Amino acid sequence: MQSILPLPTQPVKPGTSTGQNFWHSEGAKVIDSYSPADGKLIARVNISTRDDYDRVVDVAHAAFTEWRLVPAPRRGEIVRQMGDQFRRYKRELGTLVSYEMGKSLQEGLGEVQEIIDICDFAVGQSRQLYGLSMHSERPAHRMLEQWHPLGIVGIISAFNFPVAVWSWNAMLAWVCGDVCIWKPSEKTPLTALACQQIIGEVLRNNEVPEGVSCLITGGRDAGEWLSLDPRVALVSATGSTRMGKTVAEAVAGRLGKSLLELGGNNAIIVSEHADLDLAIPAIVFGAVGTAGQRCTSTRRIIVQESIYDDVKSRLKKAYTQLRIGNPLDESFHVGPVIDQAAVNSYQSTIGEIRESGGTFVVEPGLLEGPGFESGCYVRPCIAEAENHWPIVQRETFAPILYLLRYSTLDNAIAQQNNVPQGLSSAIFTLNMREAERFLSVVGSDCGIANVNIGTSGAEIGGAFGGEKETGGGRESGSDAWKAYMRRQTNTINYGTTMPLAQGITFEL
């Protein structure tokens, strides 16, 4: 990691795209980044001041006036080179992601692979920023629409995917001609600085204007600066529903644009027609991957009552095989949660489950002793519950799985949909009618609906996002690029008369 990172014991500084002159105010406060894997201090990162922020915005705006004039395929070529850089540093960055955030090394490497994949996608997209042509009702006229870049895109990312979600936004925004200001989670600032270092060489070699990629650090204040700033055309925010509502209100108050990726409370329906050899591994990975700290983590399993006991028994057996420990050791399935606040949330939720009358199929607990010194290791657990309980209706970022039962498919779908969130969903069934009903207009109300795969693990090619309290935004694939551009309708008169639309006459 030393080849791409500052010395971890020195204060490191946010700033602009080149990776050379990181701006900060002397005497600035710092964020101490501790690894949940072993509790050790990784780095001390300077927090951006308001003056730092305003300077970054000024430089970003100046860069936009140049960057928007660069042909889109050329912008795509620069993103392609970034993808190659991330290939070069995949192991180092993936290891840092795992160490600073706590997810398993395989998941850390997978997150960097997501960056590489979105770079590849964005390169192709750079030659496909298509508009439409339309026939005019007026003679000797033609109509078309075209897309222009928005300007400055603010990106607020969460700790659970400290680099991938930034890339989903940034790579598409860059090929669209925008510039980006990234505020990473204050819980994972060093991975963000590493990404700036990795792309800095590409930007310098291509003489990209300073300010195309900017970084600010801090907590709520920094997010509020972006949200309230009319110079920031779009704010893309990933995090809790509570945070998203605050961002949405602030951005809407100035009639800006927001793209929100918020909480999930994802369910898998397990039909009596399911292949349980497929379903069980998908459920377990969805529930315990990233220690239950994905927005797409599986929270609820809704099982047909005729196979309920079988599924419960299989899950209990599978959980006994889970290995919990240092995320850098690839023999472990589950690493720590992010920090002590997450541990407290886990314990509080366990208490509320018991108070609600829940019964644990797999018991919860904290892990202590050698290898667990950070105090952030919790035991993945399974509780029998009822969908209407308040605790089941809420998202808890921890490896807690609720086991529910159903009688009819319509009842299962109703339970799945009867939560405030609407991100990811799945059904396991070999019955075509059940699968199609689940995907129909009377089926899942989520932005993602899968058949015979789990809720977690989206691919780059599809648009990612959800409905209801998940925010309604779409990132990554499909036509998500449109969120980073403004649409313009053009009508061209190439004739010698001035006919008006709708047959209106106006004589002078």
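How many helices and strands are there in the protein chain? The protein chain has 14 helices and 22 strands, where helices (H or I, at least four residues) and strands (E, at least two) are DSSP runs numbered from the N terminus. Before we walk through them, please keep in mind that this is a predicted model, in which local features need pLDDT of at least 70 and side-chain atom pairs count only at pLDDT 80 or more, while totals for chains, interfaces and linings use all residues. Residues are numbered from 1 along each chain as its sequence is written, and side-chain values use heavy atoms, with hydrogens and water left out.

Let us start with the overall form. For 508 residues, a compact globule would have a radius of gyration near 23 Å, and the 24 Å of the protein chain agrees with that. Here the radius of gyration is taken over C-alpha atoms, and the globule rule is 2.2 Å times the number of residues to the power 0.38. Along the principal axes, the C-alpha atoms fill a box of roughly 80 × 60 × 40 Å. Of the 508 residues, 56% count as buried; buried means under 20% relative accessible area, exposed means over 50%, and partly exposed lies in between (1.4 Å probe, protein chains only).

The contacts tell us how the chain folds back on itself. Among contacts in the protein chain with a separation of 6 or more, 74% come from residues 24 or more positions apart, a contact being heavy atoms within 4.5 Å. On the outside, the protein chain exposes about 21100 Å², with carbon and sulfur atoms supplying 50% of it; these areas come from the Shrake-Rupley method with a 1.4 Å probe, and for residues only the protein chains shown count as cover.

Now for two strands worth finding on your screen. Strand S6 covers residues 152-156, and 5 of its 5 residues are buried. In a regular strand the side chains alternate between the two faces of the sheet. In S6, Ile152, Gly154 and Ile156 lie on one side and Val153 and Ile155 on the other, all of them buried. S6 runs parallel to strand S7 (residues 179-183), and 5 bridges join the two; strands pair if DSSP finds at least two bridges between them. Across this pairing, Ile156 stands opposite Lys183 in S7.

Strand S11 (residues 266-270) can be read in the same manner. This strand is mostly covered, with 5 of its 5 residues buried. Asn266, Ile268 and Val270 point one way, Ala267 and Ile269 point the other way, and all are buried. S11 is joined by 5 bridges to strand S12 (residues 298-304), and the two run parallel. One bridge partner to look for is Arg300 in S12, which is matched with Ala267.

From S6 we can step across to Val235, which is found in strand S9 (residues 232-238). Is Val235 buried or exposed? Its relative accessible area is 0%, so Val235 is buried. Leaving aside neighbours within four places in sequence, the contacts of Val235 include Gly154 and Ile156, along with Leu226, Val247, Val251 and Leu259 among others.

Glu434 offers another stop, in helix H14 (residues 432-439). This residue has a relative accessible area of 11%, and therefore Glu434 is buried. Not counting residues up to four places away in sequence, Glu434 touches Ser271, Glu272, His273, Leu409, Ile427 and Thr429.

Ser35 sits in the loop between strand S2 (30-34) and strand S3 (41-46). With 2% relative accessibility, Ser35 counts as buried. Beyond its neighbours within four places in sequence, Ser35 is in contact with Lys40, Ile42, Tyr99 and Ser374. Ser35 and Ala248 are 213 residues apart in sequence, and their C-alpha atoms are 31 Å apart in space.

We finish with two alanines and their backbone angles. Most residues other than glycine have a negative phi. Ala140, however, has a positive phi near 60°, and its place is in the loop between strand S4 (133-135) and strand S5 (141-149). Ala291 also has a positive phi, of about 55°, and is found in the loop between helix H9 (276-288) and S12. As for cover, Ala140 counts as partly exposed at 29% relative accessibility, whereas Ala291 counts as buried at 3%.
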